[in-house]
Amino acid sequence: MLVLFAFILGAVIGSFLNVVIYRLPAGESIVSPPSHCPRCSHRLGALDMVPIISWLVFRGRCRYCGAPISARYPLVEALTATLFALAAWLHPNPDVGLLLIWTFTALLIALSFIDIDHYILPDSLTYGGLALGLLAAWLWGFPVEWRVSWQGALAAAGLLAMIGGFGTLVLRRGASGKPGYPVGLEHVYLAAAVAAWAGWYWGVAAAVLAVALNLVLRKPLPLPDALTLGVALLGVVASSYGVLPLGVAESFWSLLLAAGAVALAGGLYWALQPDEEEDEEDDEPVAMGFGDVKLAGMLGAWLGFGPFLAGLVVAVFAGALLGLLLRRRKLPFGPYLAIGGWVALFWGAGWVQQYLAYLGLS
Ligand SMILES: [Zn+2]
């Protein structure tokens, strides 16, 4: 019964997600105007909007003007319905937990299709999902405990920001990216460099100080990426030789937390600026879009860091596999992260346990 209800609910939510996927990136309102045919503008009646079924009955055409309607619409509805039903089957309690899992699922579907269409992950969805994950952990300790949630968010975002940093440094052959004013990626790497040697709060403090200096001097202070990333790496290496008060695990964890904290806070600052201030239309080589960092933060908040890593492994494998099958070069990474994150929500913690047991660590 619950599974059947979940399927129907999922189909209805999927129909709503189609509107979100279509209208959110265009900056249109989600609620008004009411749904209409994009070609003849005829307002859609209840009969035209029965999820999945309307499309099949009217054979993928507008009932008023005969314009073809993309198969994407029933596909999103069917996908949402199936995942909602699967979630109810795997979590067979009609409680707050199931409601949260459905919300997480809906967010990931909207993010994936918007990324496929436009190569963007809207801040409203990534930061909204991140806030909701933290709130759920704080209020209900679900899906993970509060401490696991906020640390997971920072470490997951930090990991992707650092992978992006090192990748971009290689692509640019050691040259620095354009500094941000008042806050930019160079502050993420500075935080990582200091944190690897001294602990994560010192890393964050160093970044705050550098941003404050930018504001006082009214221009971006040069912080070469090769230097900060090099010092960060050296800190982890040094700690593994017992040179530092921090152990190697502590040093690496500090680096991730500090980098993630500055990346998410800096990203939030830029998200709140008016559009023309952002200049992401650079043709500088960038290894990974910054939207992926925010999505990682959201996933970390919902999953915790261990299961997030399991999801990241799934995402990389799914990406490599589908990239080969589809033979398309420019594929967004967001949908793969979403797939990995959804899988990890149910099985990630179990896999991490098994892996630790295999290593003899638990
Ligand atoms: Zn029409």
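This text walks through a predicted model, from its zinc site to a pocket, its unusual backbone geometry and a few pairs of residues distant in sequence.

The zinc ion is a convenient place to start. Four cysteines coordinate the metal through their SG atoms: Cys 37, Cys 40, Cys 62 and Cys 65, at 2.3 to 2.4 Å. Along the chain these donors follow the spacing C-x2-C-x21-C-x2-C. The angles that the 4 donor atoms subtend around the zinc ion run from 104 to 117°, and the arrangement is therefore tetrahedral. For four tetrahedral donors the ideal angle at a metal is 109.5 degrees.

The cysteines of the site can also be described by their accessibility. Cys 37 has a relative accessibility of 6% and is therefore buried. Cys 62 also counts as buried, because its relative accessibility is 7%, and the cut-off for that class is under 20%. Cys 40 has a relative accessible area of 31%, so this residue is partly exposed. As for cysteine pairing, a search of the whole structure finds 0 disulfides.

Next comes the second largest pocket. Its space amounts to about 760 Å³. The lining is made up of 31 residues, and those closest to the centre of the pocket are His 36, Pro 38, Leu 44, Ile 69 and Tyr 73. Three elements give two or more residues each to this lining: helix 1 (2–23), helix 2 (53–57) and helix 3 (72–90). Helix 1 provides the largest share, with 5 residues.

The backbone has two cis peptide bonds to point out. One joins Phe 142 and Pro 143, with omega at about -5°. Pro 143 sits in the loop that runs between helix 5 (123–140) and helix 6 (146–171). The other leads from Tyr 181 to Pro 182, and here omega is near 0°. Pro 182 belongs to the loop between helix 6 and helix 7.

Positive phi values can be pointed out too. Arg 59 is a residue other than glycine, yet its phi is positive, near 50°. This arginine is placed in the loop between helix 2 and helix 3. Arg 59 counts as exposed because its relative accessibility is 73%, where the class begins over 50%. Arg 173 is likewise not a glycine and has a positive phi of about 55°. The loop between helix 6 and helix 7 holds Arg 173. With a relative accessible area of 78%, Arg 173 is exposed.

The loop between helix 6 and helix 7 also contains Ala 175. At 39% relative accessibility, Ala 175 falls in the partly exposed class. Its C-alpha atom is separated by 7.1 Å from that of Ala 226, although the two residues are 51 residues apart along the chain.

After this loop, the path continues into helix 7. Val 194 is part of helix 7, which spans residues 185–198. The relative accessibility of Val 194 is 26%, so the residue counts as partly exposed. When residues up to four places away in sequence are not counted, Val 194 touches Gly 199, Trp 202, Gly 203 and Ala 206. A longer step in sequence links Val 194 with Ala 258: they are 64 residues apart along the chain, and their C-alpha atoms are separated by 8.8 Å.

The last stop is helix 9. This helix covers residues 225–240 and includes Ser 240. Ser 240 is partly exposed, because its relative accessible area is 43%. Its C-alpha atom and that of Ser 251 are separated by 8.7 Å, with the two serines 11 residues apart along the chain.

Conventions: Residues are numbered from 1 along each chain as its sequence is written. This is a predicted model: local features need pLDDT of at least 70, side-chain atom pairs count only at pLDDT 80 or more; totals for chains, interfaces and linings use all residues. Side-chain values use heavy atoms; hydrogens and water are left out. Donors are N, O and S atoms within 2.8 Å of the metal (3.2 Å for Na, K and Ca); water is not among the atoms, so sites may look incomplete. Four donors count as tetrahedral if all angles lie between 85 and 135 degrees; four count as square planar and six as octahedral if opposite donors are over 155 degrees apart and all others between 65 and 115; anything else is irregular. Buried means under 20% relative accessible area, exposed over 50%, partly exposed in between (1.4 Å probe, protein chains only). A disulfide is a pair of cysteine sulfur atoms within 2.5 Å. Helices (H or I, at least four residues) and strands (E, at least two) are DSSP runs, numbered from the N terminus. Contact means heavy atoms within 4.5 Å. On a 1 Å grid over the protein atoms alone, a cavity is a set of points where a 1.4 Å probe fits but cannot get out, and a pocket is an open set with protein on both sides within 12 Å along at least five of seven lines; lining residues have an atom within 4 Å of a point. Grid points are joined across faces, edges and corners, and a volume is the space filled by probe spheres set on the points.
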